[in-house]
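Q: Hello! I am new to this structure, so please pick one residue, take a close look at its surroundings, and then lead me from there to other parts worth visiting.

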Amino acid sequence: MLAASALLATACEDYTEHHFGNREDLFQPTQVNNYQVAMAKGDYATVAQNETNRQKALAMDDDSLTYRQLLAVADNQYFTDEIAAADYVPAILRNLIGNSAYNTLTAGSSVTVAYNQYVGADSRLQPLQDMPAVSLEGTFTPSTLNRLSDAISGQRPGAQKGDMALVSFAYSEVDLPAGGEEEQVAYPCFEELTGSFTEAGKYLLVPDGLDVAIQYNPGKSYGYPYGVDIVHTSETTIAIDGNAQDATFTISKDPSGWILMNGAGQYLYMKGTYNSFNYIEDLGDLEEGEWPVFTITPNADGTYDIVNTGCGKVMLWGSAYNSAGAYLDKKGTEGYLGIRIYQLRESAPRKAPTRAINKTGCNTTAVFTFNGSAWVEHTVSGARLEAFQPADYATLGSAYVAAPDAVLPAWLSARLPYAQADDEAIAVYQTKGGTGARLYTFDGKAWNHRTETEVQTVVFTFDEDGWAAKGDYLNQSLTDVNTSDAAVILSTYGWTIHHEGSIGELSYVWSASTSYGMKASAFKSNVSTPTDAWIISPVMNLKKAKDPVFAFQQAQKYAGTPLSDYLQIWVGTGYDAAAGKASASWTDVTGEVEGEWPDGTSWDYSDMQLPLQAYAGQPNVVVAFRYISTESVAATWEFKNVVCKEAE
């Protein structure tokens, strides 16, 4: 969102000639005042109450439909295609920028207004709203899950294809013995170790005070190990439900310490500066800077320090992420737990109770859909579908989620500790009167609710005829803030940063500068990091455009050749800001950009323009600057003074 109050930009000194050279056919030099303003909550009420706007709406039709739609703007806090910002904002521009600024306007002055535009709900949410909630009797296990469909059908007879249900049931990870739930099942038991670690063998690694054992990441070659539940058979002995292979570590002696192997026969090792663990099947395949040897030292509190000898990092359990990592500086800090060790006693297995059987209530909730013949667990394209669980309601002390945005982001962070930037998740939960579903996106730090509106901008120009939206579809200097925070860049300018894949150890690629505008670089500490980083413009509505042109200034150094392999311009159509980059159809238009691309010998800015006539008539158009770097090439690319308007 642009700044909440009007910001007076300094009068441009021969702005057009300085920034756009001889493009006088497109940009006429003039002394102008440019303002940027974001509509606040009360401004929407002002739009609806303005007498000029009311008369305009009443004149649109005989049944006063448009008038009623105008009044709704005050409550909705957004504009629609029927009540367009371009038509109804001019009447309140004096209110937005203030009398003193308004009275100093000269011909050619402009105001860029950021506002909320209704774009509709994500189509994936609609079938998940207000589903019937179903609770099933009995306990289901891995071998009896195939009976879930019949059980749901018993609660939902006559279901039609596409029907949905939020289903809660009791689930046990352990198959029940033939004698019934009261019987016990024998599993190998592990006895807690005390004193010095001296014996090779099979062990469970257990976070201090938790009823979980650390298990490796099945099917992965690296990661932060998470937990599998354990049961206590005595004060010093534990057993594990049917997943002993996933959580059992074989520890063998090495001349300088101990070697750890997981249940899949892979060795654990640390690598470089990473805090995660890596797995390898043959120690002979290790490379320089990859360390498989650990020391194991007892502590007075009964825990052990399991320390990698190559990097000196100690294994700790992070309760905020529900996973294990190795760290130099987190030992003993809040939320990071030491590790207890339990040794397998294969000669005397004891009987362990089946842990997850729940006779008094459900412990699992999931969304199911009827496919015409059976009830199957529902999935959604492009997003994780996560249902609020019975234990989560118990933690809340409520049978429903009363304040979703206060509860669900933190809940998703705990439930999805390995989320990556731009991941999507749909949270399904019980409301006071039914079920609800909300879509969230992960920005690399937190989960953010995606609403049915998006921030758009419209540029109004002042001339002898007054205010009008005269085809300025975007007008930003991009030199208002210094920040590397993607969320601030989005809220200030409406530009979205998207990474295709990892950016390695970098904190960011794109940043904003008051001197250089938007800036991309993947070069840090004399290292070039491979990246594919996009920055996407605010949505431009070209529905009424005839001959739009997108103009900007750019500078670059250190790019490789050909330049188009590293610095590219793309146009996206059908873009939905809520759904992100994947929602648009993209075209590489790098070769269509007019002007001299910077040769990289100086920091001089080049004036560029991209004809967008091919996209006239389309409502959701964006332009993206795509930055690509490799291990050997990492350019610095800057652009600013972005204008999209009708060619004149």
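A: Let's begin at D305, which is in contact (heavy atoms within 4.5 Å) with T295, I296, T297, N299, V314 and K331, once its neighbours within four places in sequence are left aside. Before we go on, please keep in mind that this is a predicted model, in which local features need pLDDT of at least 70 and side-chain atom pairs count only at pLDDT 80 or more, while totals for chains, interfaces and linings use all residues. Residues are numbered from 1 along each chain as its sequence is written, and side-chain values use heavy atoms, with hydrogens and water left out.

One of those partners deserves a second look: the side chains of D305 and K331 are joined by a polar contact of 2.5 Å. A polar contact here is a pair of N or O atoms within 3.5 Å; within protein, one must be able to donate a hydrogen and the other to accept it, and residues adjacent in sequence count only if both atoms are side-chain atoms. D305 itself sits in strand 18, residues 304-308. Helices (H or I, at least four residues) and strands (E, at least two) are DSSP runs, numbered from the N terminus. D305 counts as buried because its relative accessibility is 15%; buried means under 20% relative accessible area, exposed over 50%, and partly exposed in between, with a 1.4 Å probe and protein chains only.

Another buried polar residue to visit is N50, in the loop between helix 2 (41-49) and helix 3 (51-58). N50 has a relative accessible area of 17%, so it is buried. A polar atom of its side chain lies 3.0 Å from the backbone nitrogen of T52. Outside the four places on either side in sequence, N50 is in contact with A91 and I92. A91 is 41 residues away from N50 along the chain, yet their C-alpha atoms are separated by 7.3 Å.

Now for a helix. In helix 8 (residues 148-155), the buried residues are L148, S149 and I152. These residues lie on the same side of helix 8, because they cover an arc of only 95° around the axis; the arc is that of the directions from the helix axis to the C-beta atoms. Turn to the other side of helix 8 and you find D150 and G154 exposed. The cover over the buried residues includes strand 4 (133-140), strand 5 (164-171), strand 23 (364-370) and strand 24 (375-377).

A strand offers another pattern. In a regular strand, side chains alternate between the two faces of the sheet. In strand 33 (residues 510-513), W510 and A512 on one side and S511 and S513 on the other are all buried, so both faces are covered. Strand 33 pairs with strand 34 (residues 517-521) in the antiparallel sense, over four bridges; pairing requires at least two bridges found by DSSP. S513 has G517 of strand 34 as its bridge partner. Three residues lie between the two strands of this hairpin.

W510 brings us to the largest nonpolar core, which has 44 residues; W495, W510, F550 and F625 have the most contacts inside it. A nonpolar core is a set of buried Ala, Val, Leu, Ile, Met, Phe, Trp, Tyr and Cys residues joined through side-chain atoms within 4.5 Å. Apart from residues up to four places away in sequence, F550 touches, among others, L474, W495, M540, L612, F625 and V642. A second, separate core of 27 residues includes Y35, M39, L96 and V111.

A few backbone details are also worth finding. The peptide bond from T561 to P562 is cis, with omega near -5°, and P562 is in the loop between strand 38 (548-557) and strand 39 (567-573). D422 is not a glycine but has a positive phi of about 80°; it is in the loop between helix 11 (404-415) and strand 26 (424-430). At 33% relative accessibility, D422 is partly exposed. S525 also has a positive phi, near 55°, and is exposed, with a relative accessible area of 65%.

Finally, step back to the whole protein chain. It has twelve helices and 43 strands, and buried residues make up 48% of its 648 residues. Of the contacts with a separation of 6 or more, 69% are between residues 24 or more positions apart.
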